[in-house]
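Me: I would like a close look at one part of this model, the ligand site. Please cover the residues around it and the charged pairs elsewhere too.

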Amino acid sequence: MMEQDMQEILFTREQLSSRIKELAAQISEDYRGKAPVVIGILRGCFIFMADLVRELDIPQMTLDFMSVSSYGKGTVSSGLVNIKLDTSETITGRDVILVEDILDTGNTLSKLVEELGKRNPASLRLCVLLDKTERRVTPIQADYVCFQIPDGFVVGCGLDYNQQYRQLEYVGILKPEIYE
Ligand code: PRP
């Protein structure tokens, strides 16, 4: 029923799950014998995080969450990230994998990476479901990317428009008339 609000379905549930499996195999390989902490950035991460961690074969990993808000989202060098919910575990000396739904301008994640770097993790890598490279304002690259996508208002699989559409099992592009 919400499909009528979509201009296009970018990735079906099947496409998402097969790509997530592929990426999870690569991450499992890279962290073999290690005990990373996988940190999901709420709220957008929740579906991707759940799908991903169930495919990871890293017995010693632990899971944690953060919530952040960026000021002046979408604007050039807004400068600040506000940590609304911090991790439960300390990350000092840990191998950290940050999980996000989307890397867009890069403003939020670059600031967060800078903040977390101050806590001296053993390593810090980024894993994102979607990467909108062409929208980048602050230079930052994810280490693990499920899909590169073109510009457009994407929703579903955790991504929202006005807090709606997060529960959709597919990733779709919203019809412009919905948000204009
Ligand atoms: C989204 C996403 C990233 C950020 C990416 O979060 O989860 O945190 O925007 O955008 P950027 O690369 O332009 O900084 P949002 O603020 O929409 O919160 P949400 O996760 O609760 O949806």
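Reply: The notes below start at the ligand and then move to the charged pairs and one loop residue. Keep in mind that this is a predicted model.

Start with the shell. The ligand has 15 residues around it. Those that come nearest are E100, D101, T105, G106 and T108. Strand β5 gives the largest share of the shell, 4 residues. Helix α3, residues 107-117, also supplies at least two.

Now the polar contacts. Three of them involve oxygen atoms of the ligand, taken here one by one. A polar backbone atom of D104 sits 2.9 Å from a ligand oxygen. For R43, again a polar backbone atom, the distance to a ligand oxygen is 3.2 Å. D160 uses its side chain: a polar atom there lies 3.3 Å from an oxygen of the ligand. As for cover, the ligand taken alone exposes 500 Å², and the protein buries 85% of that.

D101 deserves its own paragraph. This residue belongs to strand β5, which runs over residues 95-103. D101 is among the residues that come nearest to the ligand. What is the charge situation of D101, given that it is buried? D101 has no salt bridge. The nearest side chain of opposite charge belongs to R166, 5.1 Å away. The cut-off for a salt bridge is 4 Å between a Lys or Arg side-chain nitrogen and a carboxyl oxygen of Asp or Glu. Setting aside neighbours within four places in sequence, D101 is in contact with G44, C45, L129, L130, G158 and L159.

Next, the pairs that do form. Side chains of opposite charge can pair when their charged atoms come close. The structure holds 14 salt bridges. Three examples follow.

The pair E22 and R19 is one of them, with closest N and O atoms 2.7 Å apart. Both residues lie in helix α1, residues 13-30. They are 3 residues apart, about one turn of the helix. R19 counts as buried because its relative accessibility is 19%.

E89 and R94 also meet through their side chains, at 2.8 Å from N to O. E89 has 26% relative accessibility, so it counts as partly exposed. R94 is at 19% and therefore counts as buried.

K132 pairs with D151, the closest N and O atoms being 3.6 Å apart. K132 is in the loop between β6 (123-131) and β7 (144-148), while D151 is in the loop between β7 and β8 (154-155), so this salt bridge ties together parts that are 19 residues apart in sequence. K132 counts as buried because its relative accessibility is 7%. D151, at 43%, counts as partly exposed.

This pair does not stand alone. D104, K132, R135 and D151 are linked in a network of salt bridges. D104 connects that network to the site, as its backbone has the 2.9 Å contact with a ligand oxygen.

Last, F153. This residue is found in the loop between β7 and β8. F153 counts as partly exposed because its relative accessibility is 29%. Leaving aside neighbours within four places in sequence, F153 is in contact with D160, Y161, G172, I173, L174 and Y179. L174 is 21 residues away along the chain, yet the two C-alpha atoms are separated by 5.5 Å. D160 leads back to the ligand, through the side-chain contact at 3.3 Å.

Key: Residues numbered from 1 in each chain as written. Predicted model: local features only at pLDDT ≥ 70, side-chain atom pairs only at ≥ 80, totals over all residues. Heavy atoms only, no water. Buried < 20%, exposed > 50% of the residue type's maximum accessible area, 1.4 Å probe, protein only. Lys, Arg positive; Asp, Glu negative; His and termini not counted. Contact = heavy atoms within 4.5 Å. Near = heavy atom within 4 Å. Polar contact = N/O pair within 3.5 Å; in protein donor to acceptor, adjacent residues only side chain to side chain. Areas by Shrake-Rupley, 256 points an atom, 1.4 Å probe, with all protein chains shown as cover.
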